[in-house]
Amino acid sequence: MARFKRTLIVEQSRKYVMQIKEMLDGVSESFLSTTDGSNAITLYDQYNPDLVLVEAIMPGYDGFALMEHMLESDIIKIVLTSMNQELIIKKAFELNANYLFVKPYIRDVFVSRILEAADFREMNRQAEVGVNQLLYSRISVSLKRLGIPANVQGYKLLRDALYIVCMDFSKTKAINKNIYQVLAEKHSTQSSCVERNIRHAIETAATRGDPDAFNTYFGYTVSSDKGKPTNGEFIATLADKLRLQDE
């Protein structure tokens with residue numbers, strides 16, 4: 001039984017389009033394809049594919065334009081590239097790519113990684129059945145009000161950190177063990193990366209976000225003497241305000 005109903009392939013080489021279709025024969029029920037980046041968004045909006053494979057660098061609209069358009073979507077998103085460059089890899093995962101493939105492709109690995117991404121998504125969906133969606137929504141609204149873009153890696157980490165603390169405020173007592181390590185395991189990364197990405201998100205809010213909103217939440221921490229709030233101060237203060245909304 002096919003795992004995907006409809007697959008969109010956005011690739012400037014017709015040769016690779018055909019190769020991908022052959023490799024995913026039996027994995028997807030149907031295929032859409034385009035070699036034109038500007039046409040990709042139209043096809044995506046019109047046909048609602050559940051698997052998208054998109055080349056990172058294309059003439060005109062590049063693959064990242066489509067990735068940004070799909071940012072809030074829960075479908076499987078695979079980035080394709082012929083250049084193994086750190087900047088492309090970093091950008092792909094900032095835009096929530098499930099996997100990145102560098103050409104040429106090895107059939108068994110290609111298919112296996114896509115199916116693994118689908119399995120991982122399904123496990124996450126099942127694990128989140130009991131998640132307090134209202135709380136997640138309030139956290140998202142607060143982060144966006146502060147000016148933290150959803151495509152910044154620290155956005156997702158801050159959202160999860162705030163959820164953990166709102167559910168159990170004692171977790172702020174050992175932030176490295178109770179938050180950084182937990183999120184590092186969830187997102188398959190290191191605690192130091194979690195800490196750094198959260199810090200970057202906070203810096204983004206403080207320097208480029210809405211200053212009125214930032215002062216409303218953290219006015220006491222932005223004096224010239226004290227500077228910006230630490231990660232722990234930011235998480236604890238915002239979580240406390242979110243918890244007060246329930247009282």
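Select F110 first: in this predicted model, F110 is buried, with a relative accessible area of 0%. Keep its ring displayed and add Y105, which at 9% relative accessibility also counts as buried, the limit being under 20%. The ring centres of Y105 and F110 lie 5.0 Å apart and their planes stand at 45 degrees, so this pair is tilted.

**The aromatic cluster**

Next, add F101. Both F101 and Y105 are buried. Their ring centres are 6.3 Å apart and the planes meet at 75 degrees, so the pair is edge-to-face. Extend the selection to Y16 and Y99, which together with F101, Y105 and F110 form one aromatic cluster. The structure as a whole holds five aromatic pairs.

Remain at Y16 and display the lysine side chains around it. Which charged ends sit over the ring of Y16? That of K15 is placed 5.4 Å from the ring centre, and that of K103 is 4.5 Å from the ring centre.

**Helix α1**

Now select residues 14-23, which make up helix α1. Its buried residues are Y16, V17, I20 and M23. Turn the view until it runs down the axis of α1: the buried residues fall within an arc of 130 degrees, so they line one face of the helix. The other side of α1 carries R14, K15 and E22, which are exposed.

**A buried salt bridge**

Return to K103 and add E11. These two residues form a salt bridge, in which the closest N and O atoms are 3.1 Å apart. Where in the chain do K103 and E11 lie? K103 belongs to the loop between β5 (99-102) and α5, whereas E11 belongs to the loop between β1 and α1; the pair is 92 residues apart and links distant parts of the chain. Both K103 and E11 are buried. Add E55 to the selection as well, since salt bridges that share partners join E11, E55 and K103 into one network.

**Two further salt bridges**

The count of salt bridges in the model comes to 10. For another of them, select D119 and R3, whose closest N and O atoms are 2.8 Å apart. This pair too links distant parts of the chain: D119 is in helix α5 (residues 107-127), R3 is in the segment before β1 (4-10), and 116 residues separate them. D119 is partly exposed, with a relative accessible area of 36%. R3 is likewise partly exposed, its relative accessible area being 39%.

Then move to helix α9 (residues 191-208) and select E203 and R199. Being four residues apart in this helix, the two are separated by about one helical turn. They form a salt bridge, with the closest N and O atoms 3.3 Å apart. Are these partners buried or partly exposed? E203 is partly exposed at a relative accessible area of 28%, and R199 counts as partly exposed at 23% relative accessibility. Side chains of opposite charge can pair when their charged atoms come close.

**The nonpolar cores**

Hide the charged residues and turn to the interior. In soluble globular proteins, nonpolar side chains tend to be buried together. The largest nonpolar core of this model has 57 residues, and the members that touch the most others are L66, L143, L146, L158, F234 and L238. Colour helix α7 (residues 153-167), which gives the most to this core, with nine residues.

Centre the view on L158. What does L158 touch, not counting residues up to four places away in sequence? Its contacts are L143, I148, I198, A201, I202, F234 and I235. Apart from the largest core lies another core, of 20 residues; for orientation, select L53, L80, V111 and I114, which are among them.

**Last stop: K171**

Finally, select K171, found in the loop between α7 and α8 (175-186). At 28% relative accessibility, K171 counts as partly exposed. Leaving aside neighbours within four places in sequence, K171 is in contact with I164, N178 and I179. To close, draw a distance from K171 to V109: C-alpha to C-alpha, the two are 40 Å apart in space, and in sequence they are 62 residues apart.

Key:
Residues are numbered from 1 along each chain as its sequence is written. This is a predicted model: local features need pLDDT of at least 70, side-chain atom pairs count only at pLDDT 80 or more; totals for chains, interfaces and linings use all residues. Side-chain values use heavy atoms; hydrogens and water are left out. Buried means under 20% relative accessible area, exposed over 50%, partly exposed in between (1.4 Å probe, protein chains only). The arc is that of the directions from the helix axis to the C-beta atoms. Rings of Phe, Tyr and Trp (its six-membered ring) pair if their centres lie within 6.5 Å; planes under 30 degrees apart count as stacked, over 60 as edge-to-face and the rest as tilted. A charge sits over a ring if NZ of Lys or CZ of Arg is within 6 Å of the ring centre and within 35 degrees of the ring normal. A nonpolar core is a set of buried Ala, Val, Leu, Ile, Met, Phe, Trp, Tyr and Cys residues joined through side-chain atoms within 4.5 Å. Contact means heavy atoms within 4.5 Å. A salt bridge is a side-chain nitrogen of Lys or Arg within 4 Å of a carboxyl oxygen of Asp or Glu.
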